[in-house]
Amino acid sequence: MNRAVIIGTGSCLPERVLTNADLEQIVDTSDEWITTRTGISTRRIAERDERTSALATKAAREALSMANVSPKELDLIFLGTITSDMAMPSCACLVQKELGAVNAAAMDLNAACSGFVYGLDIAEKYIKSDPSMKILVIGAETLSTRTNWKDRNTCVLFGDGAGASVLTGSNNGSGILSSRLYSDGSLWQLLSMESAPRQVCPVLNDNPADADKQHDGSYIKMVGKDVFRYAVRSMEQAVLSQLEKEGVSINDVNLMIPHQANIRILRSLVEKLNIPIEKVFITVSKYGNTSAASIPICIDEANRSGRLTEGDLVLLCVFGGGFTWGVTLIRW
Ligand code: ACO
């Protein structure tokens with residue numbers, strides 16, 4: 001049976017490291033609070049001129065090189081991000097231009113932290129219909145540009161980075177076995193970020209004072225405790241249901257790659273699923289929460305560090321704003 005197989009992975013982390021000690025100088029916080037509540041010690045921060053498309057392009061080049069695929073061979077580029085360089089064009093189009101992927105259609109996917117997993121799911125459907133296709137899926141973020149650096153509740157959590165995977169069809173038994181996406185827009189207010197300030201057409205503006213109202217910033221806002229609760233519960237249920245559907249047990253999983261939100265969410269999930277922590281890939285302490293980039297960065301690190309062996313059963317699970325969440329099962 002033809003399946004969509006990841007044939008190349010790449011990642012890009014900005015060089016600048018922001019430590020908890022640095023954050024102590026910015027807001028009223030402490031290394032002790034941050035590490036005990038989140039497990040995060042450092043995160044990477046993009047330079048002023050280092051935009052999401054630049055990180056995404058570097059990760060994509062690495063993935064293409066490993067896959068031995070030239071940019072001209074790409075049919076599609078999906079890029080999960082909530083921090084695109086511009087509202088228009090898409091970040092994916094900027095990456096397409098930089099790569100010279102002249103035969104690829106390119107588009108962004110906004111599913112917050114779930115963007116990469118959403119992209120994988122769509123890529124898999126394309127490849128099932130035409131196994132010769134070559135598709136680049138990227139997750140890339142510069143969340144530091146959308147962080148309220150005066151809000152200690154959120155500014156300690158996030159980091160910048162990008163990860164990419166190249167997929168094509170194969171019938172050698174490996175590849176994506178199944179995936180399932182979910183969303184619940186009714187809970188959007190628990191985790192949100194305003195887009196650019198909205199303009200009001202003068203004919204609609206019956207109160208002139210409104211026009212001068214200060215926009216309160218295009219920042220990430222969240223109700224931390226509720227996000228925590230929904231994240232654990234949703235990922236747990238999604239994982240159990242997918243394992244059951246595929247007729248495998250959690251004991252069959254060789255490596256779980258969960259979204260890296262924070263260590264307490266990961267520990268709760270691990271406990272509920274009853275999977276040994278040694279089977280869980282964790283980068284949150286060094287990169288923080290990089291939203292859509294978190295899973296593809298982990299996949300690349302796991303791949304390059306020898307944590308993935310042919311035939312391994314790999315479980316991805318993610319949760320993010322929307323709410324959106326999802327699960328992917330891969331035979332490596
Ligand atoms: N430094 C010091 N104190 C802080 C900080 C900080 N950085 N941030 C908050 N506090 C204070 C609060 O103000 C509060 O003080 P108060 O009691 O005087 O009001 C106190 O610490 C406790 O705050 P809580 O909100 O109860 O802390 P909690 O144990 O819930 O931890 C946290 C907060 C880490 C945000 C937690 O709720 C959480 O992990 N939520 C999940 C959110 C998340 O990971 N979001 C990422 C995006 S979503 C995703 O990717 C899935």
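**Group meeting talk: strands, helices and two single residues**

Hi everyone, let's start inside a helix: Ser294, Ile295, Pro296, Ile297, Cys298, Ile299, Asp300, Glu301, Ala302 and Asn303 are the buried residues of H10. Please keep in mind that we are looking at a predicted model.

Helix H10 covers residues 294–304, and 10 of its 11 residues are buried, so the helix is largely enclosed by the rest of the structure. After H10 comes Gly306, and its phi is positive, near 80 degrees. Which strands does H10 lie across? The answer is S11 and S12, and the helix runs at about 150 degrees to S11.

Those two strands bring us to the sheet. Here we have an open sheet of 4 strands, with mixed pairing and the order S8-S13-S12-S11. At its edges stand S8, residues 175–183, and S11; each has a single partner strand, so one side of each is left without a neighbour in the sheet. From one strand to the next, the twist averages 10 degrees.

Let's walk through the sheet pair by pair. S8 runs antiparallel to S13, and 8 bridges join the two. If you want a pair to find on the screen, look for Ser178, whose bridge partner in S13 is Leu329. Helix H7, residues 224–246, packs on this sheet and touches S8, S12 and S13. The direction of H7 makes about 145 degrees with that of S12.

Moving along, S13 spans residues 324–331 and pairs with S12 in the antiparallel sense, over 8 bridges. Here you can look for Phe319, which stands opposite Trp325 in S13. S12 and S13 form a hairpin with 3 residues between the strands, and in that hairpin Gly322 takes a positive phi near 140 degrees.

On to S11, residues 255–258. How does S11 run relative to S12, parallel or antiparallel? The two strands run parallel, joined by 4 bridges. In this pair, Ile257 stands opposite Leu316 in S12.

Now, how many residues of S12 are buried? S12 covers residues 313–320, and 8 of its 8 residues are buried. You can see this on both faces: Leu313, Leu315, Cys317 and Phe319 are buried on one side, and Val314, Leu316, Val318 and Gly320 are buried on the other.

Before we leave the sheet, let's look at one residue of H7, namely Gln242. Is Gln242 buried or exposed? Gln242 has a relative accessible area of 2%, and buried means under 20%, so this residue counts as buried. What does Gln242 touch, leaving aside its neighbours within four places in sequence? Its contacts are Ser178, Ser179, Arg180, Val327 and Leu329. You have already met two of these names, since Ser178 and Leu329 are bridge partners.

Next, another pair of strands. S4, residues 76–80, has 5 of its 5 residues buried. Once more both faces are covered, with Leu76, Phe78 and Gly80 on one side and Ile77 and Leu79 on the other. S4 pairs with S5, residues 105–109, in the parallel sense over 5 bridges. Within this pair, Ile77 stands opposite Ala106 in S5.

Between S4 and H4 there is a loop, and Ala87 lies in it. Unlike what we saw for Gln242, which is buried, Ala87 is exposed, with a relative accessible area of 88%. How far apart are Ala87 and Lys150 in space? From C-alpha to C-alpha they are 25 Å apart, and in sequence they are 63 residues apart.

That loop leads us to two packed helices. As a bit of background, two packed helices are described by the angle between their axes and the distance between the axes. For H3, residues 52–67, and H4, residues 91–99, the axes come within 9 Å and cross at roughly 55 degrees. That angle makes H3 oblique to H4. The crossing of the two helices is right-handed.

Which residues meet there? From H3 we have Thr52, Ser53, Ala56, Thr57, Ala60, Arg61 and Leu64, and from H4 they meet Cys91, Leu94, Val95, Glu98 and Leu99. Sorted by class, this contact has 7 nonpolar, 3 polar and 2 charged residues.

To close, here are two things to find on the screen yourselves: buried Gln242 in H7, and exposed Ala87 in the loop between S4 and H4. Thanks for listening!

Note on methods
Residues are numbered from 1 along each chain as its sequence is written. This is a predicted model: local features need pLDDT of at least 70, side-chain atom pairs count only at pLDDT 80 or more; totals for chains, interfaces and linings use all residues. Side-chain values use heavy atoms; hydrogens and water are left out. Buried means under 20% relative accessible area, exposed over 50%, partly exposed in between (1.4 Å probe, protein chains only). Two strands pair if DSSP finds at least two bridges between them. Axes are lines fitted to C-alpha atoms, for helices over the stretch in contact, and angles run from 0 to 180 degrees between N-to-C directions. Angles under 35 degrees count as roughly parallel, over 145 as roughly antiparallel, 65 to 115 as roughly perpendicular and the rest as oblique. A crossing is left-handed if the near helix is turned anticlockwise from the far one by less than a right angle, and right-handed if clockwise. Contact means heavy atoms within 4.5 Å. Ala, Val, Leu, Ile, Met, Phe, Trp, Tyr, Cys and Pro count as nonpolar, Asp, Glu, Lys and Arg as charged, and the others, Gly among them, as polar.
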